[in-house]
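Thanks for sharing this one with me. Please have the sequence and the model open side by side while you read my notes.

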Amino acid sequence: MRGKVLFKLFTVFASFVLVENTVYAQGVLKEVSLERQINKSSLVVEGKVVAKRSVWNAEQNRILTINTIEVYKSFKGKSNLQIEIVTPGGTIESITQTITPSLKLNINDTGVFTLYDNNIALASHAKSSLKKYKAYSSLQGFYKYDLLNNVATNPFKKSKNISNNLYNQITAITKEPYKELVSFDVAAKSALLADKSSGALAPAITGVEPLTVTAGNGDTITITGSGFGANPGKVEFENADDGGASFVEALTSQILSWDDGTIVVEVPTEAGTGNIRVTDNTSASIVSTEILVVSYALLNYNRAGVAILPQHFGTQGTGMTWQMHTEFDANTAAKESFLRAMETWRCETKINWVLGSATTIKEGVIDDTNVIAFDDATNPLEDGVLGQCRTTTGSCGDTRDLVTELDVIFDNDTEWNYGPDPTGLAFDFETVALHELGHGHQLGHVIDDTGDVMHFSIAAGEDLRFLNSDNATAAGIIQNFSTTSQMCGQTMMTDYSGSCSLGIVTQEVIANEINIYPNPARGMLYIENGSAFNLEKAMLFDIAGRAILSIDMANAPRIKVIDVSTISKGIYFINIFSGNAMVSKKILVE
């Protein structure tokens, strides 16, 4: 298989060179409890990533990353001082495979891993004497430490005071004490970093400008202050892939200038709305009081430490042809739901995606077939993963990398609402399909707008079946590259020219007709509809994307009164729907 795949890719990209490409993106997840993670794992350890390398699987149609872990503590099972964790995706020569969502580890990442024995056959070059594992429940199976704040996080959980809380939660489930293999005192390391960060010479931030940007698109910010030092340290942003639970670091190449009072840095692809953290080269840190607003994100690929934008090209002539697995194709409700999502993207952004004949190919591997399928027992998605977009890209050292293959796989065991109408608390298939196709279009996550289909979390019962103006703008940038810039000597994509039955209304159409007041709200919130069109519903979300209230707006009076007196003080987002249109506004409850 590898010979066939590499022949095709190297024929297309004859001048490929050795590069290292990584991209970070979460897809749509459902929460897996810590108890389930531990009970389903054969090994639970605390450790740090000390090395990594990319390898082929035995069939040489999947790229994987082998992460070497130095183990500090074992909570369950017997561990050696070093183990290896196999994660999906990676780069070999000029080919990159990226899986979203999936666990992506970086050297020096430290935390607790819930693991089970690796069940993927690896190529001979991947063999080593170290025992190999996989993370149970994908990226939920890693509780990443923020040592400065003594916090461990995964996409759904945050545990403060790690040694007291997280350790105790784990041992309460395992019913046995942990075994210490290497001395590692979380509390002491946290206290040391805190002392450095509160000292007289610690860095201070006095300003960030501008405060509204995009991620992965070359936008830069200027951070002013004092005590940054003459030598560069780190600039971190709240991570859009987990809703800001952790920080993500800008690449060294994205720090454009650094002196004691001013830093200029490019906003990385994973950055979401939130605070900025600066760490000097002595490990002293400061977090900004200013909130950076990130409107949208474009995915980047890390080529030898440099962030590179992708684009599409005419992989099947002038566009890209998808094929549904025969079982998926026979599921009429799923097929129609997926096609509605595909039609939304291609009619709004003109990406040239078309549907070809059904295929018996089911697994999303590097095989020149763009598959749409449900998983099965032979090739299951990890526990908690609703859907995955699997992207293959190639590089020839040109300005941008090219997307050569896309596969989308859905969880067959999830209770889905296929629509077209919203139903109960089932996960909305069209919403998840629209989200994963957004990743395929090369859009990343956002944090602050819960009405954005690229928001990092989508709740059960929530339907987001339209694109807002930020989605259209971001996708339009990629499509413009794809249709006007010839990369690596390949055929450019053309705009989709098929018929479009959609009458999609962007949020701006109703934004000017809706008035929400007072803001801040104290007790009562008023929604005033100044237009003749009918509203359908309103939903109130907290900053983490959790639905707090669902309000029926059908046949409501022109001014609707909402009681928010029992809601905790804080920042919320209210989404108001009318047909395909939606407006989202931020409110403060005091």
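My points follow, grouped by region.

1. A word on the basis. This is a predicted model, in which local features need pLDDT of at least 70 and side-chain atom pairs count only at pLDDT 80 or more, while totals for chains, interfaces and linings use all residues. Residues are numbered from 1 along each chain as its sequence is written, and side-chain values use heavy atoms, with hydrogens and water left out.

2. Let me begin with strand β6, residues 95–100. Strands here are DSSP runs of E with at least two residues, helices are runs of H or I with at least four residues, and both are numbered from the N terminus. Six of the six residues in β6 are buried, where buried means under 20% relative accessible area, exposed means over 50%, and partly exposed is in between (1.4 Å probe, protein chains only). I95, Q97 and I99 point one way, T96, T98 and T100 point the other way, and all are buried. As a general matter, side chains in a regular strand alternate between the two faces of the sheet.

3. Which strands pair with β6? One of them is β5 (residues 90–92), antiparallel over three bridges; two strands pair if DSSP finds at least two bridges between them. T91 stands opposite T96 in this pairing. A hairpin with two residues between the strands links β5 and β6, and E93 in the turn has a positive phi of about 55°. Strand β29 (residues 385–394) also pairs with β6 in the antiparallel sense, over six bridges, and there C389 is the bridge partner of T100.

4. Strand β19 (residues 262–266) deserves a similar look: four of its five residues are buried, so the strand is largely enclosed by the rest of the structure. Strand β15 (residues 220–226) runs antiparallel to β19 and is joined to it by five bridges, with I223 opposite I263. Strand β18 (residues 255–258) is also antiparallel to β19, over three bridges, and S257 stands opposite V264. Three residues make up the hairpin connection from β18 to β19.

5. Two cis peptide bonds are worth checking by eye. One joins E209 and P210, with omega about -5°; P210 sits in the loop between β13 (204–209) and β14 (212–215). Another joins N519 and P520, with omega about 15°, and P520 lies in strand β33 (residues 514–522).

6. What about positive phi in residues other than glycine? N150 has phi near 55° and is found in the loop between β9 (142–146) and β10 (151–153). N150 counts as buried because its relative accessibility is 11%. Q442 has phi near 85° and belongs to the loop between α7 (429–440) and α8 (469–484). Q442 counts as buried because its relative accessibility is 0%.

7. Last, the surface. M524, I559 and V561 form a nonpolar patch with about 220 Å² of accessible area together. Such areas come from the Shrake-Rupley method with a 1.4 Å probe, and for residues only the protein chains shown count as cover. Patches are made of residues with over 30% relative accessible area and no salt bridge; like charges are joined within 9 Å, and nonpolar side chains (Val, Leu, Ile, Met, Phe, Trp, Tyr) within 5 Å. A salt bridge is a side-chain nitrogen of Lys or Arg within 4 Å of a carboxyl oxygen of Asp or Glu. M524 lies in strand β34 (residues 524–529) and, at 35% relative accessibility, counts as partly exposed.
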